[in-house]
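Work through the exercises below with the sequence and the model side by side. Try each task before reading its solution.

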Amino acid sequence: MADTKWIAFFSQTGSEIADISEALGQAPDVIITNDRPEHLRTIDERIEKQGYFTWANKPTEEDYISLLEAYPDAIVTLHGWLRIVPPYVCERSNIYNGHPGLITRYPELKGKDPQIRAFELKHEVMGCVLHEVSPGVDEGKILMEERFNSHGLDLNGVFRTLRDRSLYMWIKFLRIALIHKNYYNDN
């Protein structure tokens, strides 16, 4: 696509990164996960084939800084990265996160597992957002959102719909960001 480097982080399976890569026809330049016990997850075989790096379970600020110094203008995406990015790194990098909770309408869905909370609260309108990463958890500028009527969906249906909507946003975002890296920062 372009010369802009793409770094992707994940803590769970990495399947979202693999799906996005297939749709774009481009894999991230660097994929990073954190060290977790094998019984807690299975990494998607497509990520296994692409290759990835494993960091400590709780990466240090120095880990992030050394990576971003090697790729200073990279687009960094978080896909179920279950770690807080240090404020210093957030403020000096182009980092984006997909969040499976419609925090534009329900700010209380910030944080972990918002889709389960929205389902348990019987929200009729659910959705997800794509936002810039800032020092506050899920506090960054919202770049995109997708909403849907959840009436009649079971929890698996909610998960599938959120995943589809998230993939749509990521693909749309990365098609632009990897070609015109300052597009979202300028608007």
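**Exercise 1. The aromatic residues**

Which residues do ring pairs link into a cluster? Then examine the pair formed by Y96 and F173.

*Solution.* The model is a predicted one. Start with the cluster.

- Step 1. F9, W55, Y64 and W81 are joined into a cluster by ring pairs.
- Step 2. Widen the search. The whole structure holds 7 aromatic pairs.
- Step 3. Take Y96 and F173. Their ring centres are 4.6 Å apart and their planes stand at 55°. Planes under 30 degrees apart would count as stacked, and over 60 as edge-to-face. The pair is therefore tilted.
- Step 4. Place the two residues. Y96 is in strand β5 and F173 is in helix α6, 77 residues apart. The pair thus links distant parts of the chain.
- Step 5. Check burial. Both Y96 and F173 are buried.

**Exercise 2. The sheet**

Find the order of the strands in the open sheet, and name its edge strands.

*Solution.* Lay out the strands, then go pair by pair.

- Step 1. The sheet is open and has 7 strands, in the order β3-β2-β1-β4-β5-β6-β7. Its pairing is mixed.
- Step 2. At the edges are β3 (53–55) and β7 (142–149), each paired on one side only.
- Step 3. From one strand to the next, the twist averages 20°.
- Step 4. Look at β1 and β4. They pair in the parallel sense over 5 bridges. A8 stands opposite T77 in β4.
- Step 5. Move on to β4 and β5. These also run parallel, joined by 4 bridges. Here I75 has N94 in β5 as its bridge partner.
- Step 6. Now β5 (residues 94–99) and β6 (residues 125–132). Their pairing is antiparallel, over 4 bridges. Y96 faces E132 in β6.

**Exercise 3. Strand β4**

How many residues of β4 are buried? Sort them by the way they point.

*Solution.* Count, then sort.

- Step 1. Buried means under 20% relative accessible area. By that cut-off, 5 of the 5 residues of β4 are buried.
- Step 2. β4 is therefore largely enclosed by the rest of the structure.
- Step 3. I75, T77 and H79 point one way from β4. V76 and L78 point the other way. All of them are buried.

**Exercise 4. Helices across the sheet**

Which strands does helix α1 lie across, and which does helix α6 lie across?

*Solution.* Treat one helix at a time.

- Step 1. Helix α1 (residues 15–24) lies across β1 (6–10), β2 (30–34) and β4 (75–79). It runs at about 150° to β1.
- Step 2. Test how covered α1 is. Of its 10 residues, 7 are buried, so it is mostly covered. They are S15, E16, I17, A18, I20, S21 and L24.
- Step 3. Find their neighbours. The buried residues of α1 pack against β1, β2, α2 (45–50), β4 and α6.
- Step 4. Look just past the helix. G25 follows α1 and has a positive phi, near 70°.
- Step 5. Turn to helix α6 (residues 155–177). It lies across β1, β4, β5, β6 and β7, at about 150° to β7.

**Exercise 5. The two sides of α3**

Which residues of helix α3 are buried, and which are exposed on the other side?

*Solution.* Recall the geometry of a helix.

- Step 1. An α-helix has 3.6 residues a turn, so residues three or four places apart point the same way.
- Step 2. In α3 (residues 61–70), the buried residues are Y64, L67 and L68. Seen down the helix axis, they fall within an arc of 95°, so they line one face.
- Step 3. E62, E69 and A70 are exposed on the other side of α3.
- Step 4. The buried residues of α3 pack against β1, β2, β3, β4 and α4 (87–91). Y64 is also part of the aromatic cluster of Exercise 1.

**Exercise 6. The whole chain**

Compare the radius of gyration of the protein chain with that of a compact globule.

*Solution.* Begin with the inventory.

- Step 1. The protein chain has 7 helices and 7 strands. From the N terminus, they run β-α-β-α-β-α-β-α-β-α-β-β-α-α.
- Step 2. For 187 residues, a compact globule would have a radius of gyration near 16 Å. The protein chain has 16 Å, which agrees.
- Step 3. Its C-alpha atoms fill a box of roughly 45 × 40 × 30 Å along the principal axes.
- Step 4. Of the 187 residues, 47% are buried.

Note on methods. Residues numbered from 1 in each chain as written. Predicted model: local features only at pLDDT ≥ 70, side-chain atom pairs only at ≥ 80, totals over all residues. Heavy atoms only, no water. Pairing = 2+ DSSP bridges. Helix = DSSP H or I, 4+ residues; strand = E, 2+ residues; numbered from the N terminus. Axes fitted to C-alpha atoms, helices over the stretch in contact; angles between N-to-C directions. Contact = heavy atoms within 4.5 Å. Phe/Tyr/Trp six-rings, centres within 6.5 Å; stacked < 30°, edge-to-face > 60°. Buried < 20%, exposed > 50% of the residue type's maximum accessible area, 1.4 Å probe, protein only. Arc of directions from axis to C-beta. Rg over C-alpha atoms; globule rule 2.2 N^0.38 Å.
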